[in-house]
Amino acid sequence: MSAYCDQAPGHEFHGPYHDHEYGFPVHDDDTLFERLILEINQAGLSWLTVLKKRAAFAVAFEGFDIERVAAYGDRDRERLLGDAGIIRNRLKVDATIHNAQVVQRLQADHGSFKAWLDHHHPLAHADWVKLFRRTFRFTGPEIVNEFLMSTGYLPGAHRDDCPVQARILAAQPPWATAGNPAVDRHS
């Protein structure tokens, strides 16, 4: 993702995301859910499109509150599909609602979405993809890769010479832990 480290700094939308979020460990379930939903919505579009619509997504999905989104019904679906501020794709909207319900089950079984991720960490990318496909909707290899990189579970968000990389390593992302197969590939 070296091109992102060159292009993002200073950019109105990419810059703040690159410098303060991308690759840093995430501990809050609603933020993890947000990242998953944003990655799902990026499929087939540019990341810039998603970043520009991020505030509208937060309003439309009530701050990515998992419990609220999981309770959405037909009326909410129609509201979302009529909201020009977000990406109005029925499959993505349905996946968001379904995935919120899945996250609720993971929270019930593991204590949190993060605990579920931690329970399965470390996995190789291909194994993460299989796990996500069995668990969630609309999660192909690229969506899973970007979600896991953006939340610190897989390396590759930044080049080693990117100034942000040192801050990420200081935050101790899961991928940088001993015994992680991704560390050997990254070294």
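How far is the sulfur of C162 from the closest cysteine sulfur, and in which residue does that sulfur lie? I took this as the opening entry of my notebook on a predicted model.

**Entry 1: the cysteines**

I found that the sulfur closest to that of C162 belongs to C5, at 3.7 Å, which is too far for a bond. I then started from the other side and looked up C5. Its closest cysteine sulfur is the one in C162, again at 3.7 Å. The cut-off matters here, because a disulfide needs the two sulfur atoms within 2.5 Å. I therefore recorded no bond between C5 and C162, their sulfurs being too far from each other. The count of disulfides by this rule is zero.

I also asked whether these cysteines are buried or exposed. C5 has a relative accessible area of 7% and is buried. C162 is buried as well, with 4%.

**Entry 2: the loop between α4 and α5**

I next looked at the backbone between α4, residues 47-60, and α5, residues 66-70. Which residues in this loop have a positive phi without being glycine? I noted E62, with a phi of about 50 degrees, and F64, with a phi of about 60 degrees. E62 lies in this loop, and F64 is found there too.

Their accessibility I looked up separately. E62 is partly exposed, its relative accessible area being 32%. F64 counts as buried, because its relative accessibility is 2%, and the limit for buried is under 20%.

**Entry 3: H121 and P122**

Where is the cis peptide bond that I noted? It joins H121 and P122, and its omega is about -5 degrees. P122 is found in the loop between α8, residues 113-120, and α9, residues 125-135. H121 lies in that loop also.

I then followed the side chain of H121. One of its polar atoms lies 2.8 Å from the backbone oxygen of P174. H121 is buried, with a relative accessible area of 17%.

**Entry 4: L106 in helix α7**

I located L106 in helix α7, which covers residues 90-110. Is L106 buried or exposed? It counts as buried, because its relative accessibility is 8%.

I then listed what L106 touches, leaving aside its neighbours within four places in sequence. The contacts are G111, S112, F113, W116, T135 and F136. I also looked up the separation between L106 and L117. They are eleven residues apart in sequence, and their C-alpha atoms are 9.5 Å apart in space.

**Entry 5: T139, before α10**

T139 lies in the loop between α9 and α10. It counts as buried, because its relative accessibility is 5%. Which backbone oxygen does the side chain of T139 reach? I found it to be that of F132, at 3.2 Å.

F132 appears again among the contacts of T139. With residues up to four places away in sequence not counted, T139 touches L36, I40, F132, R133 and V144.

**Entry 6: helix α10**

How many of the ten residues of helix α10 are buried? I recorded eight, so this helix, residues 141-150, is largely enclosed by the rest of the structure. The buried residues in α10 are I143, V144, N145, E146, F147, L148, M149 and S150. V144 I had already met as a contact of T139.

I asked what covers these buried residues. The cover includes α2, residues 14-20, and α3, residues 29-42, together with α8 and α9. Just after α10, I noted that G152 takes a positive phi of about 90 degrees.

**Entry 7: the cavity**

How many cavities of 30 Å³ or more are there? The count by this rule is one. The largest cavity has a volume of about 40 Å³.

I then read off its lining. The residues that line the largest cavity are G23, L154, P155, G156, A157, H158, Q165, I168 and W175. How do these lining residues divide by type? I recorded five nonpolar, four polar and no charged.

Notes
Residues numbered from 1 in each chain as written. Predicted model: local features only at pLDDT ≥ 70, side-chain atom pairs only at ≥ 80, totals over all residues. Heavy atoms only, no water. Helix = DSSP H or I, 4+ residues; strand = E, 2+ residues; numbered from the N terminus. Buried < 20%, exposed > 50% of the residue type's maximum accessible area, 1.4 Å probe, protein only. Contact = heavy atoms within 4.5 Å. Polar contact = N/O pair within 3.5 Å; in protein donor to acceptor, adjacent residues only side chain to side chain. 1 Å grid on protein atoms, 1.4 Å probe; cavity = no way out; pocket = protein on both sides within 12 Å on 5 of 7 lines; lining within 4 Å. Points joined across faces, edges and corners; volume = space filled by probe spheres on them. Nonpolar A, V, L, I, M, F, W, Y, C, P; charged D, E, K, R; others polar.
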